[in-house]
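Reader: Please show me the model, and then let us go through it by question and answer.

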Amino acid sequence: MPVRTTRRRGQCGGDQQSAAVGSAGSAAKVALLTEKYGYDAAFNYKDGPVREQLAALVPEGVDVYFDNVGGDHLQAALDVMRDGGRLALCGAIAGYNSTEPPAGPDNLANVITRGLTIKGFTLGGYLHLAPEFTERMTGWFAAGKIAYDETVVDGIEHTVDAFLDMMRGANTGKMLVRVDAVPA
Ligand SMILES: NC(=O)c1ccc[n+]([C@@H]2O[C@H](COP(=O)([O-])OP(=O)(O)OC[C@H]3O[C@@H](n4cnc5c(N)ncnc54)[C@H](OP(=O)(O)O)[C@@H]3O)[C@@H](O)[C@H]2O)c1
């Protein structure tokens with residue numbers, strides 16, 4: 001389930017002063033966001049324009065946007081960012097299967113007028129923080145603060161199907177392929 005203002009602060013980045021809004025592609029996943037993962041509000045991006053749905057949920061705007069989607073979600077976020085807001089770009093799954101060049105956001109000027117900061121990143125650029133992550137996440141797990149789901153597909157021969165299903169949203173939580181133990 002890729003924030004969109006959104007995904008994943010639900011559990012790891014929360015504090016008492018902030019609220020998190022998430023999006024997902026089914027009613028069942030939307031329910032998980034608020035009932036299991038700690039989001040304050042969520043919407044189904046397939047129910048209507050993301051721009052309209054997000055704006056309705058955040059009338060006072062957004063300070064931090066975590067992007068796993070790009071496309072319509074990034075554009076919707078740029079609409080509602082508050083002055084000085086920050087956008088972390090992690091993924092752009094909305095465009096991965098496009099056969100045409102994806103349309104750019106039509107509201108990039110908001111970056112100028114609202115003094116926004118956009119920063120992209122990949123996991124590989126932050127491996128030096130892995131020990132700190134492990135320490136923090138281990139503590140959160142031990143304290144029972146982390147809820148999660150996994151979708152497990154058996155057999156390495158089904159890896160491609162699992163990958164395609166992940167792109168289509170068939171997974172809930174991390175999509176994993178279980179490989180039989182290698183005989184000794
Ligand atoms: N920067 C990095 O180092 C890094 C590393 C790994 C992954 N990523 C990125 O992180 C994102 C999440 O990847 P993940 O591996 O953790 O898998 P994931 O969260 O399970 O992402 C797959 C989910 O994306 C959703 N999705 C598919 N098409 C969509 C669309 N057009 N609009 C909105 N949501 C869509 C589907 O859920 P729904 O049912 O909700 O549609 C699907 O279950 C991806 O963008 C990926 O490229 C970045």
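**Confidence, strands and ligand shell**

Author: pLDDT, the predictor's confidence in each residue from 0 to 100, stays under 50 over residues 1-9. For these residues the model has 41 contacts beyond four places in sequence, a contact being two residues whose C-beta atoms, placed from the backbone, lie within 7 Å. This is a predicted model, in which local features need pLDDT of at least 70 and side-chain atom pairs count only at pLDDT 80 or more, while totals for chains, interfaces and linings use all residues. Residues are numbered from 1 along each chain as its sequence is written.

Reader: What is the mean pLDDT of the protein chain?

Author: Of the residues in the protein chain, 90% reach a pLDDT of 70 or more. The mean is 91.

Reader: Which strands stand at the edges of the open sheet of three strands?

Author: Helices (H or I, at least four residues) and strands (E, at least two) are DSSP runs, numbered from the N terminus, and two strands pair if DSSP finds at least two bridges between them. The sheet has the order β3-β4-β5 with parallel pairing. Each edge strand has a single partner, so one side of it is left without a neighbour in the sheet. The edge strands are β3 (62-67) and β5 (117-120).

Reader: Through which helix does the chain cross from β3 to β4?

Author: β3 and β4 pair in the parallel sense over five bridges, and Y65 has L87 in β4 as its bridge partner. The β-α-β crossover between them is right-handed (with the strands pointing away from the viewer, the path from the first strand over the helix to the second runs clockwise). The helix is α4.

Reader: Which residue in β5 stands opposite R86?

Author: Strand β4 (residues 81-89) runs parallel to β5, and four bridges join the two. Opposite R86 stands T117.

Reader: Which residues come nearest to the ligand?

Author: There are 22 residues around the ligand, counted as near if the C-beta atom, placed from the backbone, lies within 6 Å. Those that come nearest are G25, G91, T122, L123 and G169.
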